[in-house]
Amino acid sequence: MMKKFIIPIIVFFGVQLPGILQAQLRKPIPDKPVVPELVTGSVTPMPLEWIDKDTRHKVIRLTRNEGQNASFYFHNNPFVGDDMIYYSTGTDGRQLWKVNLKSLKTEQLTSHAGILKGEIVGVKRKEVFYQVKDSVFAVNTATKKERLVFVFPDDFKGDITTLNADETLLGGAYSSPKEKDIFKANPEKSSYFNLIYEAKLPRTLFTINIATGELKKIFTDSAWLNHVQFSPTDPSLLLFCHEGPWHKVDRIWTINVHTGKDIRLMHKRSMDMEIAGHEWFGADGRTIWFDLQQPRGATFFVAGADIATGKEKKYQFDRNEWSVHYTSNQDETLFAGDGGDPGAVAKAPDGKWIYLFRPQEARFVPERLVNMKQHHYKLEPNVHFSPDNKWIIFRANFEGQEQVYAVSVNKQDL
């Protein structure tokens, strides 16, 4: 005889449901996953996201592919829409990748033999420009289609570093074979820095017309011309520096690339041992910002020179708040810094933090975002504001390898 099974039922808004569903309905609704609160770098590996115990700001790891991953230098824009471009060392060596800042999906863009360098993003073109030896390439960030843009002639092996505002010209600097030999023989910065400065070898600024391939030599000087970057708004304006010991150089200059003239010093040192450097353009192209110390290692500012008028403004802060690099958000209402270790110029005893700065009259009001005490500052964190200004993106090695992270600007964005 077939056994009879009795299924209990309940009434749910007038509808009878089996008892097995009743039990499911009685289960508590799962809570939102708890983000752990940890001292940054206290465990290896860290979770993919956590709350920094010392600051109460949320940190997430953006680069979740295998290998070492590196974000761009602080003044090089890495963003195309919702994507951030970065370098990764995976199975194909050091290649360009992208990560979607909303989905955190990562994709490899290049698979190119040789050492890639460049960090140049064309937002309008949706292309990333890079260089392998004497050849300049571009890869489309959507289709991943690659094209050859330019090959340097044998007698002029330059290095591209920047793209102008209307994305028609690449720019960079050429150094002599003698200078390259000094670098090869002295690979550490502590060894080559003074040697290159004292050698007074010629350097040449140049542009490359992307459409025609025309190479144009703009300006040559015996100064160490470096840190070359185009204005984000004026296609003709190029910023460069006289590299070397900062207390010995008037560092920050601009030039009109179409005329090769209108060369302007943007900040003149006013006292012995004053230093100014690590300059960058504000997003609206009106201001050149820089690290200013009057004198070196004593009094600390971030200063801005108005490009049109030359008028300067500066914001002071304390020794522990000094950073290797700074950056500003789109409307320059917020600034950020990547901190520094006790061996850096500020000799800060407690400076290993990612900082947010709010300008208030003549000072920066600081807020600590990430405790970087487990980070080794031989790797510079190089901060960037995300396109929506809700996150500050940086690179770090507190997990034992180089990765790219983002920290929330606001504590409530958890």
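**Exercise 1. Classify F152 and the ring it meets.**

Task: Is F152 buried or exposed in this predicted model, and which aromatic residue does F152 pair with?

Solution.
- Step 1. F152 has a relative accessibility of 2%. The cut-off for buried is under 20%, so F152 counts as buried.
- Step 2. The ring partner is F206. F206 has a relative accessible area of 0% and is buried.
- Step 3. A pair of aromatic rings is described by the distance of the centres and the angle of the planes. For F152 and F206 these are 5.5 Å and 85 degrees. Planes over 60 degrees apart count as edge-to-face, and the pair is edge-to-face.
- Step 4. Now place the two rings in the chain. F152 sits in the loop between β14 (146-151) and β15, while F206 belongs to strand β17 (residues 203-209). They are 54 residues apart, so the pair links distant parts of the chain.

**Exercise 2. Compare with a second aromatic pair.**

Task: What geometry does the pair of F317 and F357 have, and which aromatic cluster holds F317 and F357?

Solution.
- Step 1. The centres of F317 and F357 are 5.8 Å apart, with 25 degrees between the planes. Planes under 30 degrees apart count as stacked, and this pair is stacked.
- Step 2. F317 lies in strand β26 and F357 in strand β29, 40 residues apart.
- Step 3. Check burial. F317 is buried at 2% relative accessible area. F357 is buried at 0%.
- Step 4. Widen the view. F317 and F357 belong to one aromatic cluster with W289, Y315, Y326, F335, Y355 and F364. The structure holds 28 aromatic pairs.

**Exercise 3. Find the largest nonpolar core.**

Task: Which strand gives the largest share of the largest nonpolar core, and how does that strand pair with β30?

Solution.
- Step 1. The largest nonpolar core has 41 residues. W322, I354, I392 and F394 have the most contacts inside it.
- Step 2. Several strands each supply at least two residues of this core, including β26 (312-317), β29 (353-360), β30 (363-371), β32 (391-396) and β33 (403-408).
- Step 3. The largest share, five residues, comes from β29.
- Step 4. β29 and β30 run antiparallel, joined by eight bridges. Y355 stands opposite R368 in β30.
- Step 5. The hairpin of β29 and β30 has two residues between the strands, and E361 takes a positive phi near 55 degrees there.
- Step 6. Another core, of 15 residues, lies apart from the largest one. Its members include F129, A138, V149 and F150.

**Exercise 4. Order an open sheet.**

Task: Which strands stand at the edges of the six-stranded open sheet?

Solution.
- Step 1. The order is β3-β4-β5-β33-β32-β31, with mixed pairing.
- Step 2. β3 (37-38) and β31 (384-385) stand at the edges. Each has a single partner strand, so one side of each lacks a neighbour in the sheet.
- Step 3. Look further in. β32 and β33 pair in the antiparallel sense over six bridges. I392 has V407 in β33 as its bridge partner.

**Exercise 5. Examine β20.**

Task: How many residues of strand β20 are buried, and which residues point each way?

Solution.
- Step 1. β20 (residues 237-243) has seven of its seven residues buried.
- Step 2. In a regular strand the side chains alternate between the two faces of the sheet.
- Step 3. L237, L239, C241 and E243 point one way from β20. L238, F240 and H242 point the other way.
- Step 4. β19 and β20 run antiparallel over five bridges, and a hairpin joins them through six residues. Q229 stands opposite L239.
- Step 5. β20 also pairs with strand β21 (residues 252-256), antiparallel over five bridges. L237 stands opposite N256 there.

**Exercise 6. Describe the empty space.**

Task: What lines the largest cavity, and what lines the second largest pocket?

Solution.
- Step 1. The largest cavity has a volume of about 40 Å³. W246, V249, D250, R251, I252, H267, R269 and A276 line it.
- Step 2. By class, that lining has four nonpolar, one polar and three charged residues.
- Step 3. The second largest pocket holds about 990 Å³ of space. Of its 36 lining residues, H75, N76, N77, P232 and Q330 are the closest to its centre.
- Step 4. The pocket lining divides into 16 nonpolar, 17 polar and three charged residues. Strands that each supply at least two of them include β19 (224-230) and β31.

Notes:
Residues numbered from 1 in each chain as written. Predicted model: local features only at pLDDT ≥ 70, side-chain atom pairs only at ≥ 80, totals over all residues. Heavy atoms only, no water. Core = buried A, V, L, I, M, F, W, Y, C linked by side-chain atoms within 4.5 Å. Buried < 20%, exposed > 50% of the residue type's maximum accessible area, 1.4 Å probe, protein only. Helix = DSSP H or I, 4+ residues; strand = E, 2+ residues; numbered from the N terminus. 1 Å grid on protein atoms, 1.4 Å probe; cavity = no way out; pocket = protein on both sides within 12 Å on 5 of 7 lines; lining within 4 Å. Points joined across faces, edges and corners; volume = space filled by probe spheres on them. Nonpolar A, V, L, I, M, F, W, Y, C, P; charged D, E, K, R; others polar. Pairing = 2+ DSSP bridges. Phe/Tyr/Trp six-rings, centres within 6.5 Å; stacked < 30°, edge-to-face > 60°.
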